[in-house]
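Subject: Structure handover

Hi,

Here is the structure I said I would pass on. Have a look at it first; my notes on what turned up follow below.

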Amino acid sequence: MEVHKVVAPPHKSTAAKLKTRLKETFFPDDPLRQFRGQPNRTKLIRAAQYIFPILQWCPEYSFRLLKSDVVSGLTIASLAIPQGISYAKLANLPPIVGLYSSFVPPLVYAVLGSSRDLAVGPVSIASLILGSMLRQQVSPIDDPVLFLQLAFTSTFFAGLFQASLGILRLGFIIDFLSKATLIGFMGGAAIIVSLQQLKALLGITHFTKQMSVVPVLSSVFHHTNEWSWQTIVMGVCFLLFLLATRHLSMKKPKLFWVSAGAPLLSVIVSTLLVFVFRADRHGISVIGKLQEGLNPPSWNMLQFHGSHLGLVAKTGLITGIVSLTEGIAVGRTFAALKNYHVDGNKEMIAIGLMNVVGSATSCYVTTGAFSRSAVNNNAGAKTAVSNIVMSVTVMVTLLFLMPLFEYTPNVVLGAIIVTAVIGLIDLPAARQLWRIDKFDFLVMLCAFFGVIFLSVQNGLAIAVGLSLFKLLMQVTRPKMVIMGNFPGTDIYRDLHHYKEAQRIPGFLILSIESPVNFANSNYLTERTSRWIEECEEEEAQEKNSNLRFLILEMSAVSGVDTNGVTFFKELKKTTAKKDMELVFVNPLSEVMEKLQRADEDKEFMRTEFLFLTVAEAVASLSTKGPSLNNV
């Protein structure tokens with residue numbers, strides 16, 4: 001067999017290495033490649049298009065696209081108006097704030113966002129987190145002005161954090177919210193949100209401020225004297241109607257407009273019923289009079305000092321991460337369906353600036369909602385103009401239609417919320433986790449039960465902690481396998497995986513499948529020593545050969561640190577004491593360079609023990625025999 005020589009990697013300066021590493025860490029998509037070799041005018045145009053994606057599709061916009069966007073914009077507006085009012089109440093904010101948040105943020109996103117299908121507005125999970133965290137220290141009933149100030153300030157911090165992640169190219173931070181964590185978290189939050197609506201669905205006046213399941217159910221059954229049969233009847237009727245329309249649209253996607261228009265239809269019908277029969281005088285609570293007009297400025301309400309600064313910063317951080325994760329996931333989902341690209345970092349900047357602007361215009365945390373985006377996609381949206389149409393529709397509502405909502409019953413808003421969040425309980429995804437990865441399933445359960453029995457933020461923290469623990473276990477206990485040969489071939493694979501693979505007498509071939517660093521070097525030392533001892537015992541029992549070579553297959557060792565270098569040096573000493581040779585196969589350039597620098601005495605990086613493949617190493621060393629032990 002021809003043996004190929006392993007050559008040293010080309011020399012690169014420290015500055016060049018640092019530049020490459022930073023580029024791959026923060027700019028893996030290489031956003032500047034579109035400017036290379038272009039005239040200055042083209043560079044300026046592309047820079048403007050990169051910052052403002054609306055400039056990419058606006059010059060080619062046509063009346064045909066406008067028709068599709070108008071239809072989809074009006075459709076999602078019919079869903080956004082009742083949901084905006086409902087989610088604001090979920091966040092313990094005045095209902096009008098939900099409509100404000102469906103007016104300004106979509107306009108900002110239409111200019112800065114890169115998704116064609118993302119429909120922007122308040123979402124249930126962020127509303128729940130915002131309301132529950134702020135209510136721990138400030139009562140929205142006893143001090144509504146301070147509560148509103150803290151909500152706007154939290155929105156500012158959420159937007160600042162989101163935009164900073166995009167500008168600094170740190171979007172990988174949100175990847176710590178794994179799929180298992182999100183499935184459990186969303187499911188648990190959906191249960192909590194639904195249970196919270198029992199207050200409206202049953203007509204209860206005195207209700208617990210806590211969010212976990214035990215206090216909520218306790219509050220429900222301790223106040224049975226407050227249950228209103230009129231409210232229950234109306235709530236059950238409209239809830240069944242909304243669930244039926246949702247089921248119909250899921251079974252027949254072409255009838256998406258049925259579930260999209262059902263919430264607004266429910267609001268209109270229920271409001272007429274309450275007004276005609278004066279049901280507000282018979283135990284059915286209503287929203288009451290809402291303020292007319294566009295968003296008032298709120299920059300003077302932002303609180304950057306005082307005892308609540310830590311609270312709003314923490315609330316903004318958590319709601320920012322959760323809403324950003326949801327928005328980007330939704331955008332990428334529909335981009336994949338329609339075969340176009342969504343830039344994650346640009347989305348972070350767009351959503352972040354949208355919330356910063358929103359905090360100064362009486363809006364609370366907004367992002368791309370899955371339910372509205374699905375309706376937007378099904379309605380045939382072509383560009384972000386659908387968000388503009390929705391925003392204009394909300395504007396008209398704010399200016400002229402607010403008196404119509406005065407008699408809207410709270411029970412219908414509760415039914416709308418339940419119908420919206422029930423889709424967050426993803427049982428098929430949970431079953432898939434069980435089939436694929438039991439540990440991920442455990443993480444999902446911890447997130448789910450943590451949210452239900454503890455709190456939203458504690459459940460999320462537990463799930464993230466378990467995910468990080470799994471990641472640390474993979475780093476500190478890397479996979480390392482013994483390799484054997486397929487007889488008659490040059491193929492070497494895991495002995496415990498392939499029964500036909502056979503161990504080569506006189507050789508111990510190990511494959512290290514991770515970087516070697518301070519976190520795992522001690523484990524690798526102990527594991528390797530045990531394998532050497534076990535292999536020596538097997539060789540002694542067979543009495544036909546001695547263990548002569550320890551071959552390390554290093555194709556998967558992407559890096560080493562000083563602890564990793566020490567591991568290899570100590571391993572060389574151990575093998576030397578046992579009259580064995582340490583052989584390296586296919587060390588990558590960075591690893592090889594560091595080992596060569598550490599091998600000042602040329603003890604363990606000798607060229608006769610460096611090979612490109614395991615087959616070449618075995619073939620070459622088998623012919624040379626034990627004489628190499630004395631080289």
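Strands S3 and S4 pair in the antiparallel sense, with 3 bridges between them. This is a predicted model, by the way. Across that pairing, Asn-485 sits opposite Tyr-492 in S4. The hairpin of S3 and S4 has 6 residues between the strands, and there Gly-488 takes a positive phi near 85 degrees.

On its other pairing, S3 (residues 480-485) is joined to S5 (residues 507-512) by 3 bridges, and these two strands also run antiparallel. Here Val-481 stands opposite Ser-511 in S5.

Is S3 covered or open? Mostly covered: 6 of its 6 residues are buried. Met-480, Ile-482 and Gly-484 point one way, while Val-481, Met-483 and Asn-485 point the other way, and all of them are buried. That fits the usual pattern, as side chains in a regular strand alternate between the two faces of the sheet.

Now the sheet as a whole. It is open and has 6 strands, in the order S4-S3-S5-S6-S7-S8, with mixed pairing. Strands S4 (492-494) and S8 (610-611) stand at the edges with a single partner strand each, so one side of each has no neighbour in the sheet.

Further along the sheet, S6 and S7 pair in the parallel sense over 5 bridges. One pair to look up is Leu-550, which has Leu-582 in S7 as its bridge partner. S7 is mostly covered too, with 5 of its 5 residues buried. Both faces are covered: Glu-581, Val-583 and Val-585 are buried on one side, and Leu-582 and Phe-584 are buried on the other. Note that Glu-581 is among the buried residues of S7, in case you are setting up charges.

What lies across S5, S6 and S7? That is helix H23 (residues 562-577), which runs at about 140 degrees to S7. For selections, strand S6 covers 549-553 and strand S7 covers 581-585.

Away from the sheet, I also looked at Thr-155, which is in helix H8 (residues 144-167). How buried is Thr-155? Its relative accessible area is 0%, so with the cut-off for buried at under 20%, Thr-155 counts as buried. Leaving aside neighbours within four places in sequence, Thr-155 is in contact with Asn-355, Ser-359, Cys-363, Tyr-364 and Val-365. Tyr-364 is 209 residues away along the chain, yet the C-alpha atoms of Thr-155 and Tyr-364 are separated by 5.4 Å.

Some numbers for the protein chain overall:

- It has 25 helices and 8 strands.
- Of its 631 residues, 51% count as buried.
- The C-alpha trace spans about 105 × 65 × 55 Å along its principal axes.
- Among contacts between residues at least 6 apart in sequence, 78% join residues at least 24 apart.
- The accessible surface comes to about 29800 Å², and 62% of that belongs to carbon and sulfur atoms.
- There are 56 positive and 45 negative charges, and their mean positions are 9 Å apart.

Shout if anything is unclear.

Cheers

Terms used
Residues are numbered from 1 along each chain as its sequence is written. This is a predicted model: local features need pLDDT of at least 70, side-chain atom pairs count only at pLDDT 80 or more; totals for chains, interfaces and linings use all residues. Side-chain values use heavy atoms; hydrogens and water are left out. Two strands pair if DSSP finds at least two bridges between them. Helices (H or I, at least four residues) and strands (E, at least two) are DSSP runs, numbered from the N terminus. Contact means heavy atoms within 4.5 Å. Axes are lines fitted to C-alpha atoms, for helices over the stretch in contact, and angles run from 0 to 180 degrees between N-to-C directions. Buried means under 20% relative accessible area, exposed over 50%, partly exposed in between (1.4 Å probe, protein chains only). Accessible areas come from the Shrake-Rupley method with a 1.4 Å probe; for residues, only the protein chains shown count as cover. Lys and Arg count as positive and Asp and Glu as negative; His and the chain ends are not counted. The place of a charge is taken as NZ of Lys, CZ of Arg, CG of Asp or CD of Glu.
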